[in-house]
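Trainee: Could you take me through one part of this model closely? I would like to go through the metal site and what surrounds it.

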Amino acid sequence: MPRLPHRGAGLLALLLIAAIFGAAPAHAQDDVTLATLRVQIWPEYDQPSALVIVDGRTTENVATPIDLRIPLPPGVTLHAVAYPDSATGNLLNAQYEASEDGVTLTSPNGQFLLEYYDGSLAFDGNTRRYTLAFEVPYDVEQFVWEVQQPAGASGLTLDTGATVQRTTGAMGLLVQRVVVGAASAGETVTISFSYTKPDRTLSIDRLNPGGDVSSPQVEGSGQPTVLMVALLAGGLALVGAGVYWYVEQTRRPQRRRPGGRARPASGRKKNAAPGGRRFCTSCGEAARPGDKFCRNCGKRL
Ligand SMILES: [Zn+2]
C-alpha cells in the first residue's frame with residue numbers, strides 16, 4: 001500500500017512527459033493552412049452512389065513531407081489516397097492510415113487527393129438528392145466545391161445561396177461550382193444538390209459504351225472552356241483569377257482524370273481476377289495489393 005502514491009506519481013510524470021512530447025507534432029499540425037481545397041462530387045459516375053473527390057495543397061511555408069488528416073463522413077467507402085507527383089503531375093499512391101472517421105495520409109509535397117464513395121445518394125423516382133456535411137480539415141485560403149451532372153441527367157440544382165458558376169468539365173459534362181473562398185478548420189460546409197435522371201445508366205457507361213478510352217496523355221478539350229468560363233464569370237476579376245490560378249495548380253492531375261478514371265470500371269474487374277497479379281496497363285509496372293495508381297507512372301489501375 002505505501003507504494004501506491006509513489007507509483008501514482010511516476011505514472012503522472014510519464015503522462016506529463018508523453019503530453020509534452022506528444023504535443024509538439026500535434027501543435028505543428030494545427031499550424032497547417034491549405035492554399036486550396038476542392039471537393040468534387042460526381043454522382044452516378046462509375047458507381048450508383050456519389051463519388052467524392054477531395055484535393056488540395058498546403059501553403060508554401062508548410063514543411064514537407066507532412067501528415068494530413070482528412071475527416072471522412074460516416075459510412076463512406078474509401079477508394080483512393082494519392083498525391084500528384086511534383087514533376088509529372090501523375091497521381092501516385094500515398095501512404096495512409098484510415099479509421100472510421102478519417103484518413104491520415106503522408107504527402108511528400110503538401111498536395112493530396114482522396115476519393116470515396118458515398119452511398120447516401122438518394123434515389124426517389126427520377127429525382128436524386130444528395131447532401132454532404134463536409135468538415136473543413138484545416139484553415140483554407142480558397143475553398144471550392146463542384147458538382148458534376150451525370151450524363152443523361154438534367155436540372156442539376158445546388159442548394160446554396162452563393163453564386164454558382166456553370167462550366168463544362170473535361171468529359172463534356174456540366175459542372176456547377178461554388179467558390180466559397182476562405183474557410184476555417186472545423187467548419188462544416190453543407191454541400192447539397194438535386195437533379196433528375198430517367199434511368200440508372202452510369203456516366204462512364206454512357207460516355208464509353210465500348211469501354212475503350214483514350215490514353216491519359218491525351219489532353220481533353222475541357223480545360224480551355226473552364227478557363228473561358230472562369231474569365232467570363234469573372235467580371236469578378238479576383239474570383240476569376242483565383243479560379244484560374246487554382247485550375248493551373250491542379251490542371252495536370254485533373255486532365256489525366258478522364259482517361260484515368262474511365263478504365264477501372266472494366267479494368268478493375270479484370271485486374272481483380274483471383275490469384276492474378278496486377279500490372280499497369282500503361283508502363284507494365286507491377287502493382288501491390290491496394291494500389292489505385294501505378295507507382296511508376298501514376299496511371300489509374
Ligand atoms: Zn505505370
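Mentor: Happy to; here is the zinc site, followed by a buried arginine and some aromatic pairs.

This is a predicted model, in which local features need pLDDT of at least 70, side-chain atom pairs count only at pLDDT 80 or more, and totals for chains, interfaces and linings use all residues. Residues are numbered from 1 along each chain as its sequence is written, and side-chain values use heavy atoms, with hydrogens and water left out.

The zinc ion has Cys280, Cys283, Cys294 and Cys297 as its protein donors, each through SG, at 2.3 to 2.4 Å. Donors here are N, O and S atoms within 2.8 Å of the metal (3.2 Å for Na, K and Ca); water is not among the atoms, so sites may look incomplete. The angles among the 4 donor atoms run from 102 to 119°, and the site is tetrahedral (four donors, all angles between 85 and 135 degrees). For reference, the ideal angle for four tetrahedral donors is 109.5 degrees. Along the chain, the donors are spaced as C-x2-C-x10-C-x2-C. Cys283 and Cys297 both lie in the segment after α5 (264–271), so this pair ties together parts that are 14 residues apart in sequence. Helices are DSSP runs of H or I with at least four residues, and strands are runs of E with at least two, numbered from the N terminus. Cys283 is partly exposed, at a relative accessible area of 35%, while Cys297 is buried at 19%. Buried means under 20%, exposed over 50%, and partly exposed in between (1.4 Å probe, protein chains only).

Arg278 also sits in the segment after α5. Arg278 is buried but has no salt bridge, and the nearest side chain of opposite charge, Asp291, is 5.4 Å away. A salt bridge needs a side-chain nitrogen of Lys or Arg within 4 Å of a carboxyl oxygen of Asp or Glu. A polar atom of the Arg278 side chain does lie 2.9 Å from the backbone oxygen of Arg288.

Turning to the rings, the structure holds 4 aromatic pairs. Among them, Tyr130 and Phe193 form a tilted pair, 5.6 Å centre to centre with 50° between the planes. Rings of Phe, Tyr and Trp (its six-membered ring) pair if their centres lie within 6.5 Å; planes under 30 degrees apart count as stacked, over 60 as edge-to-face and the rest as tilted. Both Tyr130 and Phe193 are buried, and together with Tyr195 they form one aromatic cluster.

Methods
Four donors count as tetrahedral if all angles lie between 85 and 135 degrees; four count as square planar and six as octahedral if opposite donors are over 155 degrees apart and all others between 65 and 115; anything else is irregular. Lys and Arg count as positive and Asp and Glu as negative; His and the chain ends are not counted. A polar contact is a pair of N or O atoms within 3.5 Å; within protein, one must be able to donate a hydrogen and the other to accept it, and residues adjacent in sequence count only if both atoms are side-chain atoms.
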